[in-house]
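User: I would like to know how the labels used for this model follow from their definitions. Please take the DNA surfaces and then the chain interface.

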Protein chains: 2
Amino acid sequence: MAEGPRPGGQHGETLLFLTDEQLRKGIEAMFFAYKGFTSDPDRILEPRGYGRAHHRAVHFIHRSEGTTVNNLLAILGVTKQSLNRVLRTLIEDGLVESRVGTRDKRERNLYLTEEGKLLERALSDAQQARVRDAFRAAGPGAVAGFRTVLEAMMDPEMRRRYQRLTENGR
Amino acid sequence: MAEGPRPGGQHGETLLFLTDEQLRKGIEAMFFAYKGFTSDPDRILEPRGYGRAHHRAVHFIHRSEGTTVNNLLAILGVTKQSLNRVLRTLIEDGLVESRVGTRDKRERNLYLTEEGKLLERALSDAQQARVRDAFRAAGPGAVAGFRTVLEAMMDPEMRRRYQRLTENGR
DNA sequence: TAGCAATGTCAACAAGGCTGACATAAAACG
DNA sequence: CGTTTTATGTCAGCCTTGTTGACATTGCTA
């Protein structure tokens, strides 16, 4: 029952704390929190005729300026047809610019236009406000734990991408 | 360093720790973790022709046996038309039973049938396995922080519902 | 030059949100 | 008792966002 590389002395605690009920609490917390997490951006997107998919695209293009379509596909984990649909509208609406790659001309490098950056800021501000408030209320220790658990919950593939993303911004 | 409502001396830390970059990490962690969180149940649901909406209904009916449609609507935060669509298929397929209320005959009390309980168990087992692994890997302190942050991230309305749910099961 | 890679696009379909309108039965109210 | 409100169900239609399959173009690469 012990897990991982830990010495004795915490067996009882581990057992006590991983009851069905505790796990259920964690599961329900994820459900309700994710709802809140997406609600503010959703409100901003709706009147502009965009959805969550647009938000995600804008977020990761901002995060990794000049990223390629293939890279974005891997991060988002959707099909190219699905991504292309939102990407097309964003480009048509002048929020995203698609430049032919310099090294490899088959690739498209994606950038936010000034208008795109405005939307990104609006979405970020709203979402960050909620996360910041939650972080402040919970305190630094809780935040560290929060991220540790979330990271452990990711698929290994996604965890690698996540860690690669955050390395840059370190 | 301590957390919660503390006196002076923590400004620098709070400021340091709530950089844009830190918030972004938290946001991306939510995105990637939620993906993993839903992936196992999704794989179970797909061959049976069900989706996440069915999972949620089954989960909360299991959680609050005999709950009413209205209560379920409030917890899930969807329209009755949307809920009714999944509820109807679950009832037709014999996974959920809808009994006329005893006190108030307008109400329908919802229960899982034996077959419904089997599906619920399969879904729970899969999702709990991932959460349990993540919790074990992260350790008790991290788990506490995880739940503190998630709770702080919920809309107040949802937080109340969440807390009410977990009170029973305590 | 042949083949593979990166991208885009068309078409069709499904899940699961939404709104609006309407129906029924039962409770609650005056 | 009659009226109104509540709880539920249902039909129809729309939207976003995911899917698969097929196919075209361009440009690398061996």
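Analyst: The model is predicted. The surface near DNA strand D holds 4 nonpolar, 11 polar and 9 charged residues.

User: What makes Gly51(A) one of the residues around DNA strand D?

Analyst: A residue counts as near a strand if its C-beta atom, placed from the backbone, lies within 6 Å of it. Gly51(A) is among the 24 residues around DNA strand D, and it is listed with Thr79(A), Ser82(A), Lys105(A) and Asn70(B) as coming nearest. Gly51(A) therefore satisfies the 6 Å cut-off.

User: Which elements give two or more residues to that surface near DNA strand D?

Analyst: They are helix 3 (52-63) and helix 5 (80-92) of chain A, with helix 4 (69-76) and helix 5 (80-92) of chain B. Helix 5 of chain B gives the most, 4 residues.

User: Which residues come nearest to DNA strand C, and which helix supplies the largest share of the surface there?

Analyst: Thr68(A), Asn70(A), Gly51(B), Val78(B) and Thr79(B) come nearest, out of 24 residues around DNA strand C. The largest share, 4 residues, comes from helix 5 of chain A.

User: How do you know that chain B is in contact with chain A?

Analyst: Contact requires C-beta atoms, placed from the backbone, within 7 Å. 55 residues of chain B meet this with 55 residues of chain A, so the chains are in contact. On the side of chain B that touches chain A, helix 2 of chain B has the largest share, 16 residues. That side divides into 29 nonpolar, 13 polar and 13 charged residues.

How values were computed: Residues are numbered from 1 along each chain as its sequence is written. Chains are lettered from A and ligands numbered from 1 in the order in which they are written. This is a predicted model: local features need pLDDT of at least 70, side-chain atom pairs count only at pLDDT 80 or more; totals for chains, interfaces and linings use all residues. Ala, Val, Leu, Ile, Met, Phe, Trp, Tyr, Cys and Pro count as nonpolar, Asp, Glu, Lys and Arg as charged, and the others, Gly among them, as polar. Two residues are in contact if their C-beta atoms, placed from the backbone, lie within 7 Å.
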